[in-house]
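Me: I should like to examine the terms applied to this model and the grounds for each of them. Please set each value against its criterion.

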Amino acid sequence: MTGVFVMHVNNHANRKSFKTMTSKERKKTQPSYTVVGIFEDNTIKFGVAQCNKEDSFCKKEGREIAIKKAMAQEALQVPEHILTNKKFGTYFLTKAKRLIK
């Protein structure tokens with residue numbers, strides 16, 4: 001299987017500008033993330049892009065950065081039960097969530 005999976009975690013949605021927040025509100029803000037998984041020949045490479053709290057979240061930029069980071073990583077072998085049952089999406093989401101915690 002060959003393919004690219006992308007997960008965006010937008011913690012910037014529905015909030016006011018960072019510049020207009022009080023210091024208490026700024027401390028509570030969370031960064032946003034884009035995680036990419038590139039499946040190729042029974043292996044996967046992961047890349048993570050983190051958006052600064054003060055910047056605007058952009059899916060396109062996050063995806064481009066995360067893909068570049070994934071390409072530079074060493075590939076991990078995908079477990080046989082994932083390949084047999086074709087659970088690539090579930091496998092990607094499980095691993096991606098762990099990467100951003």
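Reply: The model is a predicted one. The largest nonpolar core has 14 residues, of which Met7, Val35, Phe39, Ile44, Val78, Tyr91 and Phe92 touch the most other members. Strands S2 (32-40) and S3 (43-51), together with helices H3 (80-85) and H4, each supply at least two residues of this core. The largest share, 4 residues, comes from H4.

Me: What makes this set of residues a nonpolar core?

Reply: A nonpolar core requires buried residues of the nonpolar kinds, joined through side-chain atoms within 4.5 Å. Phe39, Ile44 and Tyr91 are among the members that touch the most others. In soluble globular proteins, nonpolar side chains tend to be buried together.

Me: What is the overall arrangement in which this core is placed?

Reply: The protein has 4 helices and 4 strands. From the N terminus on, the elements run β-α-β-β-α-β-α-α. The C-alpha trace spans about 50 × 20 × 20 Å along its principal axes. Buried residues make up 33% of the 101 residues.

Me: Why is Ile38 called buried?

Reply: Ile38 lies in strand S2. Its relative accessibility is 11%, and the term buried applies under 20%. Ile38 is therefore counted as buried. As to its position in space, Ile38 is 32 Å from Lys28, C-alpha to C-alpha, with the two positions 10 residues apart in sequence numbering.

Me: How do you know that Asp41 is exposed rather than partly exposed?

Reply: Asp41 lies in the loop between S2 and S3. The relative accessibility of Asp41 is 62%, and exposed means over 50%; Asp41 therefore counts as exposed. The phi angle of Asp41 is near 50°, a positive value in a residue other than glycine.

Me: Which value places Lys86 in a class of accessibility, and what is known of its phi angle?

Reply: Lys86 is found in the loop between H3 and H4. Its relative accessibility is 66%, set against a cut-off of over 50% for exposed residues, so Lys86 counts as exposed. Its phi angle is near 55°, which is positive although the residue is not glycine.

Me: What makes Lys95, Lys97, Arg98 and Lys101 a patch of positive charge?

Reply: These four residues gather on the surface as a patch of positive charge. Membership requires over 30% relative accessible area and no salt bridge, with like charges joined within 9 Å. Arg98, in helix H4 (residues 88-99), illustrates the accessibility condition: its relative accessible area is 58%. That value is over 30%, and Arg98 is also exposed.

Me: How do you know that a patch of negative charge is present, and where do its members lie?

Reply: Glu54, Asp55, Glu61 and Glu64 gather in a patch of negative charge on the surface. Among them, Asp55 is in the loop between S3 and H2, and Glu64 lies in helix H2. Asp55 has a relative accessible area of 43% and Glu64 has 41%, against the required value of over 30%. Both are therefore accessible enough for membership of a patch. The C-alpha atoms of Glu64 and Gly47, 17 residues apart along the chain, are separated by 9.9 Å.

Me: Why are Lys69 and Arg63 called partly exposed?

Reply: Lys69 and Arg63 are both found in helix H2. Lys69 has a relative accessibility of 40% and Arg63 one of 33%. Buried means under 20% and exposed over 50%, with partly exposed in between; Lys69 and Arg63 therefore count as partly exposed. Lys69 is 8.0 Å from Ala49, C-alpha to C-alpha, at 20 residues apart in sequence. For Arg63 and Met21, 42 residues apart along the chain, the separation of C-alpha atoms is 27 Å.

Me: What makes Val4, Val6, Ile67 and Met71 a nonpolar patch rather than part of a core?

Reply: Val4, Val6, Ile67 and Met71 form a nonpolar patch on the surface, with about 320 Å² of accessible area together. A patch takes residues with over 30% relative accessible area, whereas a core takes buried residues, for which the value is under 20%. The two criteria therefore exclude one another. Strand S1 (3-9) and helix H2 (59-71) each supply at least two residues of the patch, and Met71 is found in H2.

Methods: Residues numbered from 1 in each chain as written. Predicted model: local features only at pLDDT ≥ 70, side-chain atom pairs only at ≥ 80, totals over all residues. Heavy atoms only, no water. Patch = residues over 30% accessible without salt bridge, like charges linked within 9 Å, V, L, I, M, F, W, Y side chains within 5 Å. Areas by Shrake-Rupley, 256 points an atom, 1.4 Å probe, with all protein chains shown as cover. Salt bridge = Lys/Arg side-chain N within 4 Å of Asp/Glu carboxyl O. Lys, Arg positive; Asp, Glu negative; His and termini not counted. Charge placed at Lys NZ, Arg CZ, Asp CG, Glu CD. Buried < 20%, exposed > 50% of the residue type's maximum accessible area, 1.4 Å probe, protein only.
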